[in-house]
Structure formats: structure tokens, C-alpha cells
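Welcome, and thanks for taking a look at this one. Below is a short briefing to read alongside the sequence and the coordinates.

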Amino acid sequence: MPEVVVISGKGGTGKTSLTGAFAHLAQDLIICDLDVDAPDLHILLSPAKRSTHDFYSGNEALIDGSRCKMCGTCLEMCRYNAVRTGHDQYLVDPMRCEGCRVCVDFCPEQAIAFPARHCGQWFVSSTRFGTMVHARLFPGAENSGRLVTLLRNRAREASKEEDSSLILSDGAPGIGCPVISSLSGTDLAAIVTEPTLSGLHDLKRVADLCTHFRVKVAVIINKCNLNPEQASGIQDYCRDKGFYLAGSIPHDPEVTMSMVDKKVITETADSRIAKTVRNTWENILSIL
Amino acid sequence: MIISVASGKGGTGKTTVSASLAAVWKRPVTGVDLDVEEPNLHIFLKPDIVHEEKVYLEVPRVDESRCTLCGKCSDLCQFKAINVMGSAILTFPEMCHGCGGCLAVCPEDAVSWGTRQLGTMSRGKSGPIDFLMGSLRVGEAMSPPLMRQVKDRLKCDLARTGSDAIIDAPPGVSCPAVNAVMDSDFILLVTEPTPFGFHDFQLALEAFAPLNIPAGALINRSGIGDDSVQRFCQEQGIPVLAWIPFDTDIASAYSRGKVIADLSLEFRQKFSQLAASIIEQIGENEACPK
């Protein structure tokens, strides 16, 4: 089954609102929220959890104060400045610890434990549009890339079980670890941009990333009427690069209003914007 | 003092606010872009870049003639970046977090430092504002090591010049965002009055709470959506330091890379007032230590 991931480079261009609408328009699909860092798709889809699972990733160092002789080995060897010298003991700052195990191995007193790190939870849920696989990384936790990979594998299993015809994912902003993890093995990256200098700048970087990983790109210009000149600049860029322009969607306050109602834009009205979103989705399907 | 401008949700206006705050800041100030995955502050501050350098992470390089394949390095490595496979030792530099464990543990001194490029660091000047930016290499997965090096540079610069810093932080609430704000004196959380904005604002508060850094909110695009963010701030006693109305003139100026504080006297005063409120908040916090 084909896999489509909606990404943007720049945050706040409308990825999640559009993914929600696409989930409504698509038939028998598995929905996946890969923006595990700050997931929002559940706000539109109100998933009912069928199962909840803990997500552990890596470990963290924990100094046993009763055994620590404060020799300073860990302090000296930690490359992340994670060892703090407290009043009369050493402590590891969990926000800085990368879980590399160097301090654990080199502590002459064997005073450092190395428990697994509980980083979040993931869920398989039912929504009015189909099965949804999603997660919640605990705030401040790390290794969202690993969680993204886990969710994608789970979505593929669900897709096999249900014999679904599509996996649609809402991706993370940026070009780093969670985005890279969401691209491997994806058939199409739908990049949502906006007609601003920042939008174009960030589109270029994330499109380069897709090209680097040989993932096919389709571009959607959201809020296209914000600056028509910039919008046509983005069109020129797509033409030059050979990226398919799947649609240009105008800014419409109705999108926010439907978000407040916990609905996707294609559900709330048969308005012009809903029609444009529908056309955009059909264009995406046509190149899969 | 260091002020971080952060948000859970992307696209709420961090960069707009950072640029405008830097433009009205009364003391000498450095504008720092730590949103290294998608840095945009330069689009608004338009600095003259005077120096650009490549930034590297130290990763292991193995001298195979000395390696006895004892496997101590691969036993220690938590990131699968160095591995004994049959009669060969393999390194996977893109997996490496640069902890230095393999180097320290090798009994044969067979491991030395090689490098992996993380990205670039640029410095420049935008009028009176000093400018510092990290930019992640496209294809590089890890942003925190680059951010750490930019922050190290910032620390040196601030110690030398005594200036303040305004950090444009990355979106989200996981390791890169926490890394960006962790050494600041104040966190300004930019949000918008929509369900997504509100949800991610709460996540950001939760993520930053263990840092014990005073924080305040700025509600951008006020007038759209609903009033749940504002009510939440009132209930939780989180100071809302400014409101910026939703305005197509602002959106259009933003799209062209304009600094909002430069648009009109009214906006300039609004951001000057915001700067004053931030300094007041930091002062109050110092007056009553925890």
C-alpha cells in the first residue's frame, strides 16, 4: 500500500489541518501522527484508544549517592556536561544525559546505575476516518526518531491486518531526526508551504532532504493569497526543480473555526476552500 | 541576560517576535538563531555575515592495523556507531553521538578522532545587533550537538562583550527545544489562540517546568480561534506579556521578511513595552530567589 507523509520544513503552514482533511477524503486508510514531539492531529480526529503501549528508548545514568566517592571521573569524562556537582554529592542532569554509558563503565566505585528511559506512550485508536496510530513523547524526552520508526512499522502492520489501501502520516516540522525517520520507504512527501520568504527558504531545505533520500515530492501552497508574488515565486521554484504542484489553497478563517469545532475543513462546509482541498487531494492521488 | 523565544507549535511567530525584540532592545544584544533545522532569523535581520565556519562532531576513526577486534568499543557504544563484525571493525559515523567512549575504552589506542560535519555557524552584524546562527547540514539528523557548539560560542561572546542575547528557539518540546532554552534567564512562549496553539503551549510549559526558568506568554494572532489560552494563563498565573492582533498587514509584511517593530510607531512601542516587561519579570524573579 502506498505511504504518503505530509511535511513542511517550516512549522505552522497547515500540515495537520490538511492531513486531517485528507484523512476524511481518503478511503480505507491508516492514519499516523509522526509529529510525536507536538502532536495535534488527535485534536481534529478525537481518537478512541484501543490499546496503549509504553515507549522505552535508551537509558540514563543515575548516581548512587551512598557509593559515590566524588572522585570526578564521570565529571571529567562526560562530553555533555550532564554531571552536576551538588552540595555533597554528584548528580546526573537527566535533561543533558545522552545515555552513552561512559560514566557507568568508567566509575571506579560502580556507583552509577543505568535504567531504561521511559520516553512516552503510543496508541492504536479508532477514529471516524479509520484506524490511527499515534504517540505522545513525554515533554523534554528524546529519541523521537526511534518512536517515529516504531509508529510507521505499527501502521504498516495495521495496514496489512485491515488490507487498507493507504497510509497517511502527519510529519514533524524541520529537517532533523524525526523527519528523516518519517521519509525512509515513503512513496510521496507532500510538502505544505506558504508564500512567505521563510516558507520558501524552509521548503527548499526540506525538499533537498527528500531529494537526498530519493523520496518523490509534491508541493502544496497553503494561504496562497497571503502574498501572490511569493506564491508565484514558489511555483517557479517547483517548475525549475520538477516538483509537482498539487494545489494552491487560499487562507480562510473557516479552517480555524472548524479546528475549534474539532472538525476537519472538508466536513464543516461545502465551501470553496473545501473544494480546493478536495482537488488537491485528488491531484496527490493521481501521482501516487 | 539571555531571553529565549520558544513555542510548542511551529509557525506561531517565534522568529517575528525575536527579530522585533532584538530591534527594540535597549542594551547591546545578540540575535541568535538556534532553530538550526530551519533557521529564518537572518531573513528578517538581514545581517552582513562576516564569518562562516563549518561545525563538526568528533566521531571515531579506527586504525585497523592496531585493532585486535576485542569488541570493547562495540560493547560500550549505545548508538550502534562502532561494531565488530566477523573479522572487521566497522564505524557508522552518522549514528555517533560523539561521547568518546570507544576512544577511552580501547586498550590498543586504535581509535582516534575523525569528524562528521554537522552544519555551519555564521556570525554577522545587523546594524547595532550582533548575529549568530547555526544551520544544520541537510541530511544530518542530530541538531543538539550543533546547537551546543553555537551556545558555547555565544557564552564566549557574551562573556567578552557583556551583551544580552535573544534566542530564536526551535519548535517542539523534545530534546532540541529543551537544549535551546536551558541556559536562559527567561523564556517567552509565543502561542496562538487556537486548539493546536493551546495544546502545544501546555506541552511546552510541561517540558520547560523542570528547568525552573521564569516564563511568560505572548499571544499572537489574537482575535482568531477562542479564548482558552488566555483563560488558562489567568488560572495558572502565567503572565501574558503581550497580545499581537491577527492583521493581514502584519502577515503580508512578514511574508516579505519585514521586522514588525519597524512597521509603525505603535508596533515599536508594543515591543518596547514587551522588552520592559521581560526585564521586569527577570528582576522580580531575582528579588525572590527560590
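## Briefing on a two-chain predicted model

Chain B contains 10 helices and 11 strands, and chain A contains 11 helices and 13 strands. Please keep in mind that this is a predicted model, with an ipTM of 0.93 and a pTM of 0.95. For chain B, the mean pLDDT is 95, and 98% of the residues reach 70 or more.

**Chain A as a whole**

- Measuring along the principal axes, you will find that the C-alpha trace of chain A spans about 70 × 40 × 35 Å.
- Chain A has 288 residues, and 58% of them count as buried.
- If you take the contacts in chain A with a separation of 6 or more, 77% of them join residues 24 or more positions apart.
- Chain A has an accessible surface of about 11,700 Å², and carbon and sulfur atoms hold 48% of it.
- On the charge side, chain A carries 30 positive and 34 negative charges, and the mean positions of these two sets lie 1 Å apart.

**Chain B as a whole**

- The C-alpha atoms of chain B fill a box of roughly 70 × 40 × 40 Å along the principal axes.
- Of the 290 residues in chain B, 58% are buried.
- Residues 24 or more positions apart make 74% of the contacts in chain B that have a separation of 6 or more.
- The area that chain B exposes is about 11,800 Å², with 51% supplied by carbon and sulfur atoms.
- Chain B has 26 positive and 35 negative charges, whose mean positions are 3 Å apart.

**Where the two chains meet**

- The size of an interface is often given as the accessible area lost when the parts come together.
- Here, about 4,800 Å² is buried between chain A and chain B, and carbon and sulfur atoms give 59% of that area.
- On the chain A side, the residues that lose the most area to chain B are Arg79(A), Met95(A) and Arg205(A), which together account for 13% of what that side buries.
- Counted by residue, 59 residues of chain A are in contact with 61 residues of chain B.

**A closer look at Ser17(A)**

- Ser17(A) sits in helix α1 of chain A, which covers residues 15–25.
- Is Ser17(A) buried or exposed? Its relative accessible area is 14%, so Ser17(A) counts as buried, the cut-off being under 20%.
- Setting aside neighbours within four places in sequence, Ser17(A) is in contact with Leu44(A), Val255(A) and Met259(A) from chain A, and with Phe196(B) from chain B.

**A closer look at Pro39(A)**

- Pro39(A) lies in the loop of chain A between β2 (29–33) and α2 (41–45).
- Pro39(A) is buried because its relative accessible area is 6%, which is under 20%.
- Which residues does Pro39(A) contact, leaving aside its neighbours within four places in sequence? They are Asp33(A) and Ala135(A) in chain A, along with His199(B), Asp200(B) and Leu203(B) in chain B.
- For a sense of distance, Pro39(A) and Cys71(A) are 32 residues apart in sequence, while their C-alpha atoms are 43 Å apart in space.

How values were computed. Residues are numbered from 1 along each chain as its sequence is written. Chains are lettered from A and ligands numbered from 1 in the order in which they are written. This is a predicted model: local features need pLDDT of at least 70, side-chain atom pairs count only at pLDDT 80 or more; totals for chains, interfaces and linings use all residues. Side-chain values use heavy atoms; hydrogens and water are left out. pLDDT is the predictor's confidence in each residue, from 0 to 100. Helices (H or I, at least four residues) and strands (E, at least two) are DSSP runs, numbered from the N terminus. Buried means under 20% relative accessible area, exposed over 50%, partly exposed in between (1.4 Å probe, protein chains only). Contact means heavy atoms within 4.5 Å. Accessible areas come from the Shrake-Rupley method with a 1.4 Å probe; for residues, only the protein chains shown count as cover. Lys and Arg count as positive and Asp and Glu as negative; His and the chain ends are not counted. The place of a charge is taken as NZ of Lys, CZ of Arg, CG of Asp or CD of Glu. Buried area is the accessible area (1.4 Å probe) that two parts lose on being put together, summed over both.
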